[in-house]
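Colleague: I would like to go through this structure feature by feature. Please give the general idea where there is one, then the case at hand.

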Amino acid sequence: MIFFKFFNKFLSVALTAIISLSATAIPCNSGELPEYVYLGGEPFGLKMYSDGVMIVELESYFDGSKYVCPAKKGGLKESDIIKEINGTKITSNETLREATLNSDGNTLEVTFERDNKTLTKEIAPIKNTAGNYLIGAWVRDSSAGIGTVTYYDTNENYFAGLGHGICDCDTYTLMPLASGEAVIAEISSVTKSTNGSPGSLNGYFSDKVIGKITDNCDIGIYGTFDTSLTENKEKLEVAKGSELKTGKATVYTTLEGNTPKAYSIEITSISRNTNSAESFTLKVTDEELLDKAGGIVQGMSGSPIVMNGKLVGAVTHVFVNSTNEGYGIYVGNMMQNYK
């Protein structure tokens, strides 16, 4: 049979190095932003299905006389996204499995995406010692995990979260979105971060659907939402790019259940790179957050940051070797990307 691996992934990216940033105000805000949005901070569960199947590993197997890997021999690589075989759309692991098992060893025309280009290769499956035709590829068609909502925009009827994209945890390639849904999540425990080992928010998905995921991109997750979610939420003014500065700020995140809580942080430097998920660096100063979580943990991605009563950004990354520090993204970048 075809090789398959299935993975769940907490929706946060941990960095291994700290990059030196300048301490000037961010020169962003080139487009019109909403004046007010509703504050997030609560966790959500994400179920995402990819557009095609992604190759996460190529592996040789024994055909009775030698080790073979038809996928590699035919020119496929890790991170390739298989879209069609012999003109038939590949929508899941199972459809790829059926195509190879039923090939009888005949050459398959495989259409795939690599570096945003559509390519075609011919792959001839080979029997293993059990008599099953394989191509020697581990593939993935879905991802799931926990992240944090940054804000809700009722004017445009969408929510934004994470502040970075969902990438495959083996290839680090952005997962191509076919469909997905966001559900309410409950945090049951926290695995505390220690320097060299980022922790995580641990929880479970509820049956209550927030909405559908509409976009997975480098600087966030976006989706529709049930407007009843904002009935008791705080409405905040959106900060202009010039208002993002170094100094004391507040992060809203959830360490238990589904109710966000405010914790003190400090924005320590501002980046000139306005088109990434690394707009500024931050440091956790709140004793409770340090005691319970060790600083920043996986799953906190998207936790909104407020400065001087305005929404300025969201947590996106943790520094592996200094887990009380990390990166944040300016909220205007997330908003302009959606538009």
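Modeller: The protein has 23 strands and four helices. Bear in mind that this is a predicted model.

Colleague: What percentage of the residues count as buried?

Modeller: Of the 339 residues, 52% count as buried. The exposed surface of the protein comes to about 14700 Å², with 44% of it supplied by carbon and sulfur atoms. As for contacts with a separation of 6 or more, 73% are accounted for by residues 24 or more positions apart.

Colleague: Let us take a helix. Which residues of α2 are buried?

Modeller: The general idea comes first. An α-helix has 3.6 residues a turn, so residues three or four places apart point the same way. Here, α2 spans residues 93–101, and its buried residues are Asn93, Leu96 and Thr100. These three cover an arc of only 70° around the axis, which puts them on the same side of α2.

Colleague: Which elements do the buried residues of α2 pack against?

Modeller: They pack against five strands by name: β3 (43–58), β6 (81–85), β8 (108–114), β11 (133–134) and β12 (137–153).

Colleague: Now a polar residue. Is asparagine 216 buried or exposed?

Modeller: Asparagine 216, which is found in strand β15 (residues 200–217), has a relative accessible area of 7%. The cut-off for buried is under 20%, so asparagine 216 counts as buried.

Colleague: What does the side chain of asparagine 216 reach at 2.8 Å?

Modeller: It reaches the backbone nitrogen of isoleucine 166. Leaving aside residues up to four places away in sequence, asparagine 216 touches Met48, Gly165, Ile166, Leu174, Met175, Leu177 and Ile221.

Colleague: How many aromatic pairs does a search of the whole structure find?

Modeller: The search finds seven. A pair of aromatic rings is described by the distance of the centres and the angle of the planes. One aromatic pair is that of phenylalanine 319 and tyrosine 327, with 5.0 Å centre to centre and 85° between the planes. Planes over 60 degrees apart count as edge-to-face, and this pair is therefore edge-to-face.

Colleague: And the burial of these two residues?

Modeller: Phenylalanine 319 counts as buried at 2% relative accessibility, and tyrosine 327 is buried with a relative accessible area of 0%.

Colleague: Which residues form one aromatic cluster?

Modeller: Phe44, Tyr152, Phe159 and Phe225 form one.

Technical notes:
Residues numbered from 1 in each chain as written. Predicted model: local features only at pLDDT ≥ 70, side-chain atom pairs only at ≥ 80, totals over all residues. Heavy atoms only, no water. Helix = DSSP H or I, 4+ residues; strand = E, 2+ residues; numbered from the N terminus. Buried < 20%, exposed > 50% of the residue type's maximum accessible area, 1.4 Å probe, protein only. Contact = heavy atoms within 4.5 Å. Areas by Shrake-Rupley, 256 points an atom, 1.4 Å probe, with all protein chains shown as cover. Arc of directions from axis to C-beta. Polar contact = N/O pair within 3.5 Å; in protein donor to acceptor, adjacent residues only side chain to side chain. Phe/Tyr/Trp six-rings, centres within 6.5 Å; stacked < 30°, edge-to-face > 60°.
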